[in-house]
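Hi,

Here is the structure I promised to pass on. Have a look at it first, and then read my notes below.

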Amino acid sequence: MDKMTVSAPGKLLLMGEHSVVYGSPCLVTAINSRLVVTVNMADKDEWPESKFIEKSVHNFRNKFETTDHYGIRVSSELETKYGLGSSSAVTVATIYGLYKLTGKDPDKKELFDLCYQTVLEVQGVSSGFDVAAAIYGGIVYFYTGGKTIEKLEVENIPLIIGYSGVKADTVSIVNSVKEKISTHKDGVEEIFKNISNLVAEAKIALLEKDWVRLGTLMNFNQDYLEDLGVSTEKLDDMIIAARSAGAFGAKLSGAGGGDCMIALVSEEKRKTVSDAITKAGGQVLDVKMEHEGVRIEK
Ligand code: PMV
């Protein structure tokens, strides 16, 4: 094989952000915006500037003790500014592309381990939930570092995604929580324990398609995220607007400090809730759950 094109989906964190960094579970869904990578054998290395691609190639070469050169091209429906998982998707697509290009067929966990190591080395902190979504697709129940990666049998989750207009800096927000742990250890641990219980309940609600219950659990999760100090006024406004317009529940998604919020809605309320989020200053994104993880395109 002299050329290989693969794609990987972006992600949205449904519940359990931050606590997942410290050993608790989270729920994440892959989304239907994908990033496409084409890799080929080459005489010299050539790819767009990206720490994630750089490190992906480095780690792949190390693992397989090769000095081969590669050409890599990327095209993406995932705008980096929304925080929808372009870093994890480019890492997964690059490494999977290199595996397939060189005639190797990794199982999902082997692929996860190499991709997670790569993201961790570039970012310094990461639970790896986004890497799992890019590889497995669908909705995944996930524990830190891939200790558990369970793809759930869920057909669909009726979400609206609203972008706050502010790009979040995940690493600095994760560090702000770390600092809070050093000053308020017991309080933060209590919050993490409560979020962990909410996520366990949410998993059942999701499998039972009990949207009323799931929405309530999302709202509780948001309360704890506010206690951690990671929400923003803009996100709060969008979340309150969505709830007032009849969403089952709404919360921020991801590290906080900006990026996106999600609302769980019935089809009857979809338009009203979308309009309310827009009126609160949010940008509603045309994104939904995706079943397929990383795959070969051609
Ligand atoms: O900001 P995002 O969408 O990359 O989400 C970060 C989620 C955290 O739990 C805060 C960090 C992590 O790696 O799990």
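Isoleucine 135 sits in helix α4, residues 129-136 (helices here are DSSP runs of H or I with at least four residues, strands are runs of E with at least two, and both are numbered from the N terminus). Bear in mind that this is a predicted model, in which local features need pLDDT of at least 70 and side-chain atom pairs count only at pLDDT 80 or more, while totals for chains, interfaces and linings use all residues. Residues are numbered from 1 along each chain as its sequence is written, and side-chain values use heavy atoms, with hydrogens and water left out.

Back to isoleucine 135: its relative accessible area is 1%, so this residue is buried (buried is under 20% relative accessible area, exposed over 50%, partly exposed in between, with a 1.4 Å probe and protein chains only). Leaving aside residues up to four places away in sequence, isoleucine 135 touches Val92, Lys108, Leu111, Phe112, Cys115, Gly293 and Val294 (contact means heavy atoms within 4.5 Å).

Several of those names come back in the packing of α4 against helix α3, residues 108-123. The angle between α3 and α4 is about 140° and their axes are 9 Å apart (axes are lines fitted to C-alpha atoms, for helices over the stretch in contact, and angles run from 0 to 180 degrees between N-to-C directions). That makes α3 and α4 oblique to each other (under 35 degrees counts as roughly parallel, over 145 as roughly antiparallel, 65 to 115 as roughly perpendicular, and the rest as oblique). From α3 come Lys108, Lys109, Leu111, Phe112, Cys115, Tyr116 and Val119, which meet Val131, Ala132, Ile135 and Tyr136 of α4. By type, the residues of this α3 and α4 contact are nine nonpolar, no polar and two charged (Ala, Val, Leu, Ile, Met, Phe, Trp, Tyr, Cys and Pro count as nonpolar, Asp, Glu, Lys and Arg as charged, and the others, Gly among them, as polar).

Next, alanine 93. Isoleucine 135 and alanine 93 are 42 residues apart in sequence, and 8.7 Å separates their C-alpha atoms. Alanine 93 belongs to helix α2, residues 86-101, and is buried at a relative accessible area of 0%. Its contacts, not counting residues up to four places away in sequence, are Val6, Ala8, Leu35, Val37 and Val294. For a longer reach, the C-alpha of alanine 93 is 27 Å from that of leucine 252, 159 residues away along the chain.

Now to α7 and α8. Helix α7 (residues 211-228) packs on helix α8 (residues 233-244) at about 160°, with axes 13 Å apart, so the two are roughly antiparallel. On the α7 side Asn219, Gln222 and Glu226 meet Asp236, Ile239 and Arg243 in α8. The residues of that contact split into one nonpolar, two polar and three charged.

Helix α7 itself has 18 residues and spans 25 Å from first C-alpha to last, close to the 26 Å expected at 1.5 Å a residue (the expected span is 1.5 Å times one less than the number of residues). Right after α7 comes glycine 229, with a positive phi near 80°.

One residue of α7 I'd click on is asparagine 221. How buried is asparagine 221? Its relative accessibility is 0%, so asparagine 221 counts as buried. Apart from residues up to four places away in sequence, asparagine 221 touches Met15, Gly16, Glu17, Ile195, Leu198 and Lys251.

Cheers
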